[in-house]
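Here is a short tour of one model, written for someone who likes to see distances next to names. Please keep the structure open while you read.

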Amino acid sequence: MAEQDDTYNQILNNAMVSDSNFLTDIILRECGDVFLGINSLIDVGGGHGGAARAIANAFPQMKCTVLDLPHVIAEAPSDVHVSFISGDMFKYIPPANALFLKGI
Ligand SMILES: C[S@@+](CC[C@H](N)C(=O)[O-])C[C@H]1O[C@@H](n2cnc3c(N)ncnc32)[C@H](O)[C@@H]1O
């Protein structure tokens, strides 16, 4: 549906960012030490980067990248701390120290 209906795509992506803004702060506060020592992270199916942005802000040395489908990445906001890659996780995931999957 998101691929075929742009309004639905926008609503879904915005909702996911709101959810990630809320939850990632808690994840970082309660168990943020799991990210220590990680230099690069791919948020697989990371939408518009709500979680990746929060992780990158908490760990500025970490290279954070979001991988998501083309119709999602096409409308992702640019961000100096987070890179966005368009693709299908079943076909290719770029190499990184860690893969983060939330709500896929
Ligand atoms: C429920 S949303 C969760 C977004 C984000 N992980 C979060 O928790 O806020 C699921 C995401 O997975 C993405 N997705 C689904 N299938 C995918 C695939 N084959 N490759 C990459 N991303 C995919 C969707 O486009 C969507 O952005």
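What follows covers the ligand site, the salt bridges, a strand pair and a surface patch.

**The ligand site**

Keep in mind that this is a predicted model. The ligand is surrounded by 15 residues, and the closest are Ser 20, Gly 45, Asp 68, Asp 88 and Lys 102. Polar side-chain atoms of Asp 68, Asp 88 and Lys 102 can be matched with ligand atoms, as the table shows.

| Residue | Ligand atom | Distance |
|---|---|---|
| Asp 68 | oxygen | 2.6 Å |
| Asp 88 | nitrogen | 2.8 Å |
| Lys 102 | oxygen | 2.6 Å |

Of the 590 Å² that the ligand exposes when taken alone, the protein buries 82%.

**Salt bridges**

How many salt bridges are there? The count comes to three. One of them brings us back to the ligand site: Lys 102 pairs with Asp 19, with their closest N and O atoms 2.8 Å apart. Asp 19 belongs to helix 1, while Lys 102 sits in the segment after strand 4 (98-101), so this pair ties together parts that are 83 residues apart in sequence. Is Asp 19 itself buried or partly exposed? Its relative accessible area is 31%, so Asp 19 counts as partly exposed.

Another salt bridge joins the side chains of Asp 79 and Arg 53, at 2.5 Å from N to O. This pair also links distant parts of the chain, 26 residues apart: Asp 79 is in the loop between helix 3 (70-73) and strand 3 (82-86), and Arg 53 is in helix 2 (residues 50-58).

Arg 29 and Glu 30 form a salt bridge too, with an N to O distance of 3.8 Å. Arg 29 is exposed, because its relative accessible area is 62%, and Glu 30 is exposed at 59%.

**A pair of strands**

Strand 1 (residues 40-44) runs parallel to strand 2, and the two pair over five bridges. At one of the positions, Val 44 has Leu 67 of strand 2 as its bridge partner. Why is strand 2 (residues 63-68) described as largely enclosed by the rest of the structure? The reason is that five of its six residues are buried.

**A nonpolar patch**

On the surface, Met 1, Tyr 8, Leu 12 and Met 16 make a nonpolar patch of about 390 Å². Tyr 8 is located in helix 1 (residues 6-31). Its relative accessibility is 34%, which means that Tyr 8 counts as partly exposed.

Conventions. Residues numbered from 1 in each chain as written. Predicted model: local features only at pLDDT ≥ 70, side-chain atom pairs only at ≥ 80, totals over all residues. Heavy atoms only, no water. Patch = residues over 30% accessible without salt bridge, like charges linked within 9 Å, V, L, I, M, F, W, Y side chains within 5 Å. Areas by Shrake-Rupley, 256 points an atom, 1.4 Å probe, with all protein chains shown as cover. Salt bridge = Lys/Arg side-chain N within 4 Å of Asp/Glu carboxyl O. Helix = DSSP H or I, 4+ residues; strand = E, 2+ residues; numbered from the N terminus. Buried < 20%, exposed > 50% of the residue type's maximum accessible area, 1.4 Å probe, protein only. Near = heavy atom within 4 Å. Polar contact = N/O pair within 3.5 Å; in protein donor to acceptor, adjacent residues only side chain to side chain. Pairing = 2+ DSSP bridges.
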